[in-house]
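Let's take a walk through this fold together, going from helices to sheet and then to a few single residues. Please have the model open and ready to rotate.

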Amino acid sequence: MTPKIAIIGEGVIGCSTALQVAQAVPDARVTVLSDRPFEQTCSFGPAGLFRIDDIANREFGKSTFDWFAHLHRTEKGDKTGVKLLSGHIQSDSKERLEQQQKAYGDIVYNFRFLEKREILDLFPNPSEHCIHYTAFASEGNKYVPYLKFQCQARGVEFLHRKVRDLEEGEQCCNRLGEAGKPLGSGNYGCRPERYFGKIRCTASGYEGAKNLRGVVRAQTSSEDYSD
Ligand SMILES: Cc1cc2nc3c(=O)[nH]c(=O)nc-3n(C[C@H](O)[C@H](O)[C@H](O)COP(=O)(O)OP(=O)(O)OC[C@H]3O[C@@H](n4cnc5c(N)ncnc54)[C@H](O)[C@@H]3O)c2cc1C
């Protein structure tokens, strides 16, 4: 039997989920449902620099970073919206920055604490401490259409339809962003949360999704489809 999988939302999380599902279950019929134009989603605007604020998401962050490195190596940035940038995080709390170091210091490039001279040179009102690193950022208004194109190339169908009841889908991975709260979506639509039917989807975790990583792992096994 061909598995039918509905994914609600065509923001970064919905499109990431759809691509991962289409790759993991190539014979599935995957449909992405959305109730508004992409330009009106949360995912259209942002372009944050990679970071992992919660060390619990380190594993997801690492696979996300590897995915962006792959895209950066193999595709043009004006097509994917993925670019390599250097940035800083300042804080008066060294401990806070050391937590950042533990979470992703060895995942990104060139991670280091700035010297006092550098801090004073760079910022008009500097904090006591500052980290510098190089990592990927992705522009939502290019990255999400790129994901959508990859999905469509694998036969994923995109439909404009408002979903009113989560029981509607046979198998449904919901990633609704803020708009999903009335339907009972997990907080901010970003946590690994739901388990519908026979597909289990785990998102890249709150920070991962929040920072537009959007790598989603679809965990499936043959017995998932045994009936
Ligand atoms: C002002 C602002 C600035 C931000 N800046 C950054 C930044 O600089 N860097 C960064 O990384 N992140 C940033 N973010 C966070 C980031 O934009 C979001 O975490 C991310 O876009 C959420 O993606 P999503 O796919 O979960 O949701 P969304 O992009 O909101 O997509 C939700 C989707 O669900 C669909 N949907 C919802 N309800 C239904 C329904 N009932 N039926 C059918 N479809 C439905 C919608 O049509 C849409 O397609 C920012 C957020 C905001 C608000």
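How are helix 2 and helix 6 oriented to each other? Keep in mind as you look that this is a predicted model. The axes of helix 2 (residues 58–74) and helix 6 cross at roughly 85° and come within 14 Å. Angles of 65 to 115 degrees count as roughly perpendicular, and helix 2 and helix 6 are therefore roughly perpendicular to each other. On the helix 2 side, the contact is made by Trp67, Phe68 and Leu71, while helix 6 brings Tyr143, Tyr146 and Leu147. Sorted by character, the residues of this contact are six nonpolar, no polar and no charged.

Let's step back for a moment to see the whole. The protein has seven helices and ten strands. Of its 227 residues, 47% are buried. The accessible surface comes to about 11,500 Å², and carbon and sulfur atoms account for 47% of that surface. If you take the contacts between residues at least 6 apart in sequence, 71% of them join residues at least 24 apart.

Now turn to the sheet. Three strands make up an open sheet in the order 3-5-4, with antiparallel pairing. Which strands stand at its edges? They are strand 3 (82–91) and strand 4 (109–113); each has a single partner strand, so one side of each is left without a neighbour in the sheet. On average, neighbouring strands here are turned by 20° against each other, direction ignored.

The pairing can be followed residue by residue. Strand 3 and strand 5 (residues 129–138) are joined in the antiparallel sense over ten bridges. Lysine 83 has alanine 137 of strand 5 as its bridge partner, and glutamine 90 is matched in strand 5 with cysteine 130. Strand 4 and strand 5 also run antiparallel, joined by three bridges. Why can strand 5 be called largely enclosed by the rest of the structure? Nine of its ten residues are buried, so the description fits; buried here means under 20% relative accessible area.

Helices pack on this sheet as well. Helix 2, which you met above, lies across strand 3, strand 4 and strand 5, running at about 60° to strand 5. Helix 4 (residues 94–104) also packs on the sheet and touches strand 3, strand 4 and strand 5. The direction of helix 4 makes about 160° with that of strand 4.

Strand 4 is a good place to zoom in. Tyrosine 109 is found in this strand, where it stands opposite threonine 134 in strand 5. Is tyrosine 109 buried, partly exposed or exposed? With a relative accessible area of 33%, tyrosine 109 is partly exposed. Leaving aside neighbours within four places in sequence, tyrosine 109 is in contact with Phe65, Ala69, Leu84, Tyr133, Thr134 and Phe136. Tyrosine 109 and serine 86 are 23 residues apart in sequence, and their C-alpha atoms are 8.9 Å apart in space.

Asparagine 110 is found in strand 4 too. Although asparagine 110 is not a glycine, it has a positive phi of about 55°, a value you may like to check on your own Ramachandran plot. At 52% relative accessibility, asparagine 110 counts as exposed.

Two buried residues round off the tour. Valine 144 is found in helix 6 (residues 140–153), and at 1% relative accessibility it counts as buried. Not counting residues up to four places away in sequence, valine 144 touches Glu10, Gly11, Val12, Cys15, Phe38 and Ser43. The C-alpha atoms of valine 144 and glutamate 10 are separated by 8.2 Å, although the two residues are 134 residues apart along the chain.

Leucine 33 lies in strand 2 (residues 29–34) and is buried, with a relative accessible area of 7%. Beyond its neighbours within four places in sequence, leucine 33 has contacts that include Ala6, Ile7, Ile8, Gly9 and Glu10, and also Leu159, Arg161 and Val163. From leucine 33 to lysine 162 the C-alpha distance is 7.3 Å, with their positions 129 residues apart in sequence.

Conventions: Residues are numbered from 1 along each chain as its sequence is written. This is a predicted model: local features need pLDDT of at least 70, side-chain atom pairs count only at pLDDT 80 or more; totals for chains, interfaces and linings use all residues. Side-chain values use heavy atoms; hydrogens and water are left out. Helices (H or I, at least four residues) and strands (E, at least two) are DSSP runs, numbered from the N terminus. Buried means under 20% relative accessible area, exposed over 50%, partly exposed in between (1.4 Å probe, protein chains only). Contact means heavy atoms within 4.5 Å. Axes are lines fitted to C-alpha atoms, for helices over the stretch in contact, and angles run from 0 to 180 degrees between N-to-C directions. Angles under 35 degrees count as roughly parallel, over 145 as roughly antiparallel, 65 to 115 as roughly perpendicular and the rest as oblique. Ala, Val, Leu, Ile, Met, Phe, Trp, Tyr, Cys and Pro count as nonpolar, Asp, Glu, Lys and Arg as charged, and the others, Gly among them, as polar. Two strands pair if DSSP finds at least two bridges between them. Accessible areas come from the Shrake-Rupley method with a 1.4 Å probe; for residues, only the protein chains shown count as cover.
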